[in-house]
Amino acid sequence: MTSKQKLLSFFTTPTARLAATHLAIIMCMSIVFSVIFYNASTRPLERPTPSSGQFMPAFQDDRALFDSEVRRVIEERLDETRKALATRLVWINFGILIAGSAVSYMLARRSLTPIEEAMEAQSQFISDASHELRTPLTVLQTTNEVALRKSKLSIKDAKNIIAHNVTETKKLRDLSNMLLELLKNDAGAVSFTEVDIQEVVSESLNSIVAAAQAKNIVVEDSVKQLYVKTNKALLGQILGIFLDNAVKYSKPGGVILLSSKQEDEMIHLSVKDEGAGIHASDLPYIFQRFYRADKSRTTNETSGYGLGLAIADKISKKIHIKIEVSSKPAKGSTFTLIIPRAE
Ligand code: ADP
């Protein structure tokens with residue numbers, strides 16, 4: 001791209017266009033103000049010059065000559081004053097144009113940067129989501145095409161294929177549910193009530209019992225009866241995500257420990273596992289959408305979409321809960337919820 005093309009393309013950017021609009025407004029105001037100021041300042045100078053006879057009767061004879069000389073000098077000075085004023089105003093406007101361009105550009109950048117970032121994040125999200133949706137769809141398509149090409153298909157094979165299809169369809173449904181959960185614009189107010197964390201924990205545990213038993217994982221629940229001020233359903237949703245991950249990333253026969261403690265005005269509710277753990281270099285990113293610490297795990301049974309913690313993070317901000325994570329690779333992880341205590 002030549003420098004001329006670069007310059008032309010710069011002037012067509014949204015930032016340049018917005019800056020130009022700001023500048024046009026500033027310059028219009030400045031010019032209008034200058035014209036008003038010029039007129040207001042020169043009007044008193046345009047009053048008729050008094051004749052000498054009014055003040056100096058002694059000069060009666062040479063009055064005409066004297067008056068014309070005085071008028072000429074005054075007119076000259078008035079012209080000079082008008083020109084000097086106009087020149088100053090032109091320079092002031094030129095200064096405003098230069099400073100205004102810089103200020104307008106800065107303001108335009110400041111207003112557009114968050115919009116550009118949001119658009120960038122949205123297109124990244126769409127591209128990641130499409131990528132994730134494509135995988136199960138491709139698997140479904142390939143399995144069905146291979147089955148169709150076979151001249152004969154036993155009932156057993158057909159059932160296997162259907163079972164496989166059901167699994168992939170379930171993955172697609174889970175993924176679309178998670179995507180909807182993340183995109184949901186639930187800006188409305190949430191209700192906060194007094195909630196017994198023991199109750200939330202036992203309800204959340206019900207949903208992972210089967211998965212934990214299938215991996216021979218022991219779940220130890222030492223959560224005390226403590227009351228927090230929160231939204232019960234949303235707290236349960238976050239806890240469900242932590243428990244689901246604890247089971248997913250635990251080795252068979254591992255232990256998951258749930259505990260609670262009170263610290264000042266806050267209640268700490270922790271889910272500790274002895275599973276795969278997370279590298280320190282991955283920890284800052286695990287709450288980002290589609291982030292998976294161990295990409296190789298996407299192909300085995302612990303595969304996920306990297307959306308669970310992003311959802312937990314979104315919900316936690318909505319109900320003013322802080323999440324803390326400590327983890328050591330191969331030793332395990334602890335996810336702690338810090339929730340405001342009920343009065
Ligand atoms: P996923 O569906 O992949 O589990 P999450 O958003 O729930 O997505 O988690 C993001 C990543 O954080 C996971 O891919 C995993 O690498 C890591 N992670 C989350 N919880 C745990 C855990 N309890 N133990 C080990 N790694 C975990």
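1. In this predicted model, β2 and β4 run parallel to each other and are joined by five bridges. One of the bridge pairs links Glu220 to Leu257, the latter in β4. In general, the strands of a sheet are held in register by backbone hydrogen bonds, in either a parallel or an antiparallel arrangement.

2. The β2-β4 pair belongs to an open sheet of five strands, ordered β2-β4-β5-β7-β6, with mixed pairing. Because β2 (218-222) and β6 each have a single partner strand, they stand at the edges, and one side of each is left without a neighbour in the sheet. On average, neighbouring strands of this sheet are turned by 15° against each other, direction ignored.

3. At the β6 edge, β6 and β7 are antiparallel and share seven bridges. Lys322 has Ile338 of β7 as its bridge partner. The two strands form a hairpin with three residues between them, and Ala330 in this hairpin adopts a positive phi near 70°. For context, most residues other than glycine have a negative phi.

4. Ser327 is a residue of β6 that merits separate comment. Its relative accessibility is 17%, so Ser327 counts as buried, the cut-off being under 20%. Two contacts involve the side chain of Ser327: one reaches the backbone oxygen of Gly332 at 3.3 Å, and the other is a polar contact of 2.8 Å with the side chain of Ser333.

5. Ile338 is located in strand β7. With a relative accessibility of 7%, Ile338 counts as buried. The C-alpha atoms of Ile338 and His320 are separated by 9.0 Å, and the two residues are 18 residues apart along the chain.

6. His320 itself lies in the loop between α9 and β6 (322-328). Is this residue buried or exposed? Its relative accessibility is 55%, so His320 counts as exposed. The backbone of His320 has a positive phi of about 55°, although the residue is not a glycine.

7. Asp264 may be examined in the same connection. Asp264 is placed in the loop between β4 (255-263) and β5 (266-273), and its phi is positive, about 50°, although Asp264 is not a glycine. The relative accessibility of Asp264 is 67%, so this residue counts as exposed; the cut-off for that class is over 50%.

8. A further strand pairing involves β1 (residues 193-196) and β3, which are antiparallel and joined by four bridges. Thr193 stands opposite Thr230 of β3. Which side chains of β3 (residues 227-230) are buried? Val228 and Thr230 point to one face and are buried, whereas Tyr227 and Lys229 point to the other face and are not. Thr230 thus appears both in the pairing with Thr193 and on the buried face of β3.

9. The ligand is surrounded by 20 residues, of which Asn245, Lys248, Tyr249, Asp273 and Leu309 are the closest. By class, this shell comprises nine nonpolar, six polar and five charged residues. A computational chemist may wish to view the backbone contacts next. A backbone N or O atom of Tyr305 lies 3.2 Å from an oxygen atom of the ligand, and for Gly306 the corresponding distance from a backbone N or O atom to a ligand oxygen is 3.3 Å. Leu309 likewise places a backbone N or O atom 2.8 Å from an oxygen atom of the ligand.

10. How much of the ligand's accessible area does the protein cover? On its own the ligand has 530 Å² of accessible area, and the protein covers 98% of this. The elements contributing two or more residues to the surrounding shell are α8 (232-248), α9 (308-318) and β7 (332-340). Of these, β7 also belongs to the five-stranded open sheet and pairs with β6.

11. Helix α4 (residues 63-149) includes Ala64. The relative accessibility of Ala64 is 62%, so this residue counts as exposed. Ala64 and Glu80 are 16 residues apart along the chain, and their C-alpha atoms are separated by 24 Å.

Technical notes: Residues numbered from 1 in each chain as written. Predicted model: local features only at pLDDT ≥ 70, side-chain atom pairs only at ≥ 80, totals over all residues. Heavy atoms only, no water. Near = heavy atom within 4 Å. Polar contact = N/O pair within 3.5 Å; in protein donor to acceptor, adjacent residues only side chain to side chain. Areas by Shrake-Rupley, 256 points an atom, 1.4 Å probe, with all protein chains shown as cover. Nonpolar A, V, L, I, M, F, W, Y, C, P; charged D, E, K, R; others polar. Buried < 20%, exposed > 50% of the residue type's maximum accessible area, 1.4 Å probe, protein only. Pairing = 2+ DSSP bridges. Axes fitted to C-alpha atoms, helices over the stretch in contact; angles between N-to-C directions.
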